[in-house]
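This report is written for a reader meeting the structure for the first time. Please keep the sequence and the model in view while reading.

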Amino acid sequence: MEALTRQLERIDGRGYKAYKSIAGEYRFDGFSLMIDHVQADPFAAPSRCRAVIDAPVADLPASALRSEPRRRAARDFIARAFRSASGSDKALAIDAGHQTVLDRTATVLDDGAVEVRFTVQLPARGRTILGRQARTILCDRLPDVVRAGATSRRLDLDALETHMARVEDQVALREELARRGLVAFVANQSVLPRRSGVDDRPLEQAIPFQAPESLSVRLDTPNAGPVDGLGITTGITLIVGGGFHGKSTLLSAIAEGVYDHIPGDGRDRVVTDPDATKIRAEDGRAVHQLDLSPYINHLPYGKDTQRFSTDLASGSTSQAAALQEAIECGARTLLVDEDTSATNFMIRDRRMQALVAKEREPITPFVDRIRQLRDDLAVSTLLVMGGSGDYFDCADTVIQMQGYQPLDVTREARDIAQAHVTGRTEEAIDALDVTPRRALQGGRLNPETKPGKTKIQARGRDTLIFGRTDVDLRAVEQIVDASQVRAIGMVLGRLARRGERVTDLPALIGEWLNDEQWHRMSQHPEGNLARPRVSEVMAALNRLRGAPFES
Ligand code: ADP
Ligand code: MG
């Protein structure tokens, strides 16, 4: 630490470039500071540093190391504690999470030693180094923030235990789903609505969730014991109900149930099949070499839909594409909301069948394929549909949302389906089979803006900049954090560097994102990544214009 103090005093008042001289490793009382990368000027991205706190100094409780979910939760908790100790002036910053507990690279646990990765905005007046101010940040404030964020003497150990227990329970609940024939579980007393589209915290004074008796299940957790709630079984589940009664809110909470949430989020006991994928329409997106023929066929002027590509998909085409892509990735649960669906993809009623002959309608609606998905491909669908009763015939379970509460109306819906037959003609006469499109020429994915200059960058949660192209991720709803977008960019970069032909893309990406490889990747001092799912990496690739897929 003395060496750093002296050096900062020595360069005080000099040009900003002289900061480069502080890169390196310094020993502090109880921890080591690594200054890995010094920013080139005051306006560049802040300098990247790490603090490695000795195990006896961190002195984490043994319960923090007991299981993988607990370790992840402890790392998440430490990043949050570091963030709140560093205050609001942004001189010291860490990439800690918000409502979700993702697998982030901001902290690493190695046995009991804690590595915290953060950034420092090295101070200047104009381009002149403010060495004394830098000394205050790095040599006075930082040791205090490190102690507050990563040592058991200063951490709130009760809150840490709650954080870890809640995450461990969510993982256990999620693992229990498949064994119990469920695709999702929503515990009683959950709070599902959010404050606003830009504020993901729970809505205050929301009405808590309560499952109807007939759809209740009890699942066990290692910390909280048995938990009661709504079990959504495999097969076809319909969520119906009047507008504004909470259908979409329930579906969104379930879509986010693939991730763990912090205690108090309200969705911290809402869990979903980890591969469940939200399917939606997204007109304007790109589609590459996909077989859309089960849903869209005989386009005017004979355009091929078995290897369909476009730079400007329509609503129905984009939704069919999302469906095929999810199945390619191995999804066994689809989540669909009428609010984000193309009507002509979802339904085609008797009157329309009478007016427009099947031969003149390229679309085979989802209502005619949904059973085949269940029976032939073992793919479950959870569908919000308040606008049409044509799905009653195929639903295994029908849940009505009424005043934000779920009711079991399966029997009534079935009776109605018998009393009022739709008179529709079944349009799916052929078998449903999906030939996955998995090959890609890695070397033709080019993130270069100029020769030798690659640019891969996240612009918030919504956009991945990949070389000269921007990938619009707004409709990829199960991306929940900008740090996932950075990680997606990193994976695509690795794919581009690989050069050779990849024959099984989801499998390869799955390998890169498995526990071992992800943790090895996080050995790089990169502190602002969060692990995405394979399907979100594929979603970015699928939307990248000019991506070199092969059929
Ligand atoms: P639907 O999809 O049935 O039309 P939404 O799910 O969009 O309804 O919900 C309508 C409104 O009700 C939203 O503003 C949402 O935040 C609010 N809301 C949903 N669930 C609850 C709840 N449990 N308590 C209070 N407000 C809720
Ligand atoms: Mg809705």
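The text below treats the ligand site and then two sheets.

This is a predicted model, in which local features need pLDDT of at least 70 and side-chain atom pairs count only at pLDDT 80 or more, while totals for chains, interfaces and linings use all residues. Residues are numbered from 1 along each chain as its sequence is written, chains are lettered from A and ligands numbered from 1 in the order in which they are written, and side-chain values use heavy atoms, with hydrogens and water left out.

**The ligand site**

Around ligand 1 there are 13 residues, of which Ile207, Phe244, Lys247, Ser248 and Thr249 come nearest; a residue counts as near if one of its heavy atoms lies within 4 Å. By class, this shell has six nonpolar, six polar and one charged residues. In this scheme Ala, Val, Leu, Ile, Met, Phe, Trp, Tyr, Cys and Pro are nonpolar, Asp, Glu, Lys and Arg are charged, and the others, Gly among them, are polar.

The table lists polar contacts of the ligand, that is, pairs of N or O atoms within 3.5 Å.

| Residue and its N or O atom | Partner | Distance |
|---|---|---|
| Gly246, backbone | oxygen atom of ligand 1 | 3.1 Å |
| Lys247, side chain | oxygen atom of ligand 1 | 2.8 Å |
| Thr249, side chain | oxygen atom of ligand 1 | 2.6 Å |

On its own, ligand 1 has 560 Å² of accessible area, and the protein covers 75% of that (Shrake-Rupley method, 1.4 Å probe).

**The sheet of strands 28, 29 and 30**

Three strands make up an open antiparallel sheet in the order 28-29-30. Strands are DSSP runs of E with at least two residues, and helices are runs of H or I with at least four, numbered from the N terminus; two strands pair if DSSP finds at least two bridges between them. Strand 28 (456-459) and strand 30 (469-472) each have a single partner strand, so one side of each lacks a neighbour in the sheet. From one strand to the next, the twist averages 20°, with axes fitted to C-alpha atoms and angles running from 0 to 180 degrees between N-to-C directions.

Strand 29 (residues 463-466) is joined to strand 30 by four bridges, and Leu464 faces Val471 in strand 30. Helix 12 (residues 482-498) lies across strand 28 and strand 29, at about 30° to strand 29.

**The sheet of strands 13, 14, 10 and 17**

A further open sheet has four strands in the order 13-14-10-17, with antiparallel pairing. Its edges are strand 13 (216-221) and strand 17 (270-272). Direction ignored, neighbouring strands are turned by 35° against each other on average. Five bridges connect strand 10 (residues 182-187) with strand 14 (residues 225-233), and Val186 stands opposite Leu230 in strand 14.

Methods:
A polar contact is a pair of N or O atoms within 3.5 Å; within protein, one must be able to donate a hydrogen and the other to accept it, and residues adjacent in sequence count only if both atoms are side-chain atoms. Contact means heavy atoms within 4.5 Å.
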